[in-house]
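I am opening a notebook on a structure that is new to me, and I will write down what I look up as I go. Here are the sequence and the model.

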Amino acid sequence: MARILVIDDDADMRTLLEQTLRSAGHEVVLAADGREGVQQYRVQPADLVITDLYMPIQQGLETIVQLRKEYPTVRIIAMCGKSTALPMLSAAQRLGAVAFLQKPFLPDQLLAEVAKVL
């Protein structure tokens, strides 16, 4: 299966995503913010990055731009749960995210989107 880097500042969300992805057979690496996520990716690139858009230290849009600049072929799924999610998710796609998920989403929705992107 795939190696997936999950970047989200919410520990509960990271755990939920990790459990869902591992149950589908994926290897999962976790990061609590965009800066940590980029560092993790540099050490060992992933087949897919799933990143939240609203995070402290380094936001998701900045993370997407940085990853796409350094690794043009990186596949990224953006996710957001704020009321302003649609404009942010649209911006994420323009910057290089290949798909997006609006929180809350069901585990099956996550796995279906991951399967499409991979």
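What kind of unit do S3, H3 and S4 make, and with which handedness? Before answering I note that the model is a predicted one. I followed the chain and found that S3, H3 and S4 make a β-α-β unit, and that this unit is right-handed.

**Entry on the strands.** I looked up the partners of S3 next. Strand S4, residues 76-80, pairs with S3 in the parallel sense over four bridges, and within this pairing Thr-51 stands opposite Ala-78 of S4. Strand S1, residues 3-7, also pairs with S3 in the parallel sense, over four bridges, and here I found Val-49 of S3 as the bridge partner of Leu-5. I then turned to S1 and strand S2, residues 27-31, which pair in the parallel sense over five bridges, with Glu-27 in S2 as the bridge partner of Arg-3. Between these two strands the chain crosses from S1 through helix H1, residues 11-23, to S2, and I noted this β-α-β crossover as right-handed.

**Entry on the side chains of S3.** Is S3 largely enclosed or largely open? I checked each of its residues, and five of the five are buried, so the strand is largely enclosed by the rest of the structure. In a regular strand the side chains alternate between the two faces of the sheet. I see that Leu-48, Ile-50 and Asp-52 point one way from S3, whereas Val-49 and Thr-51 point the other way, and all of them are buried.

**Entry on Asp-33.** I moved to the loop between S2 and helix H2 (34-43), where Asp-33 is placed. Which side chain of opposite charge is nearest to Asp-33, and how far away is it? I found Arg-35 at 5.6 Å, and I recorded that Asp-33 is buried yet has no salt bridge, the cut-off for such a bridge being 4 Å. The side chain of Asp-33 does reach the backbone nitrogen of Glu-36, at 2.9 Å. Leaving aside residues up to four places away in sequence, I listed what Asp-33 touches: Ile-7, Met-55, Pro-56 and Ile-57.

**Entry on Ile-57.** Since Ile-57 appears in that list, I looked at this residue in its own right. Ile-57 is found in the loop between strand S3 (48-52) and helix H3 (60-70), and I noted that its phi is positive, about 70°, although the residue is not a glycine. Is Ile-57 buried or exposed? Its relative accessible area is 57%, and the residue therefore counts as exposed, the cut-off being over 50%.

**Entry on Lys-103, Pro-104 and Gly-81.** I checked the peptide bond from Lys-103 to Pro-104 and found it to be cis, with omega near -5°. Pro-104 has its place in the loop between strand S5 (99-102) and helix H5 (107-117). From Lys-103 I went to Gly-81, which is 22 residues apart from Lys-103 in sequence but 4.3 Å apart in space, C-alpha to C-alpha. Gly-81 lies in the loop between S4 and H4, and at 48% relative accessibility I entered Gly-81 as partly exposed.

**Entry on Ser-90.** Last, I looked up Ser-90, whose place is in helix H4, residues 85-95. With a relative accessible area of 32%, Ser-90 is partly exposed. I also noted that the C-alpha atoms of Ser-90 and Met-55, 35 residues apart along the chain, are separated by 17 Å.

Conventions: Residues numbered from 1 in each chain as written. Predicted model: local features only at pLDDT ≥ 70, side-chain atom pairs only at ≥ 80, totals over all residues. Heavy atoms only, no water. Buried < 20%, exposed > 50% of the residue type's maximum accessible area, 1.4 Å probe, protein only. Pairing = 2+ DSSP bridges. Right-handed = clockwise from strand over helix to strand, strands pointing away. Lys, Arg positive; Asp, Glu negative; His and termini not counted. Polar contact = N/O pair within 3.5 Å; in protein donor to acceptor, adjacent residues only side chain to side chain. Contact = heavy atoms within 4.5 Å.
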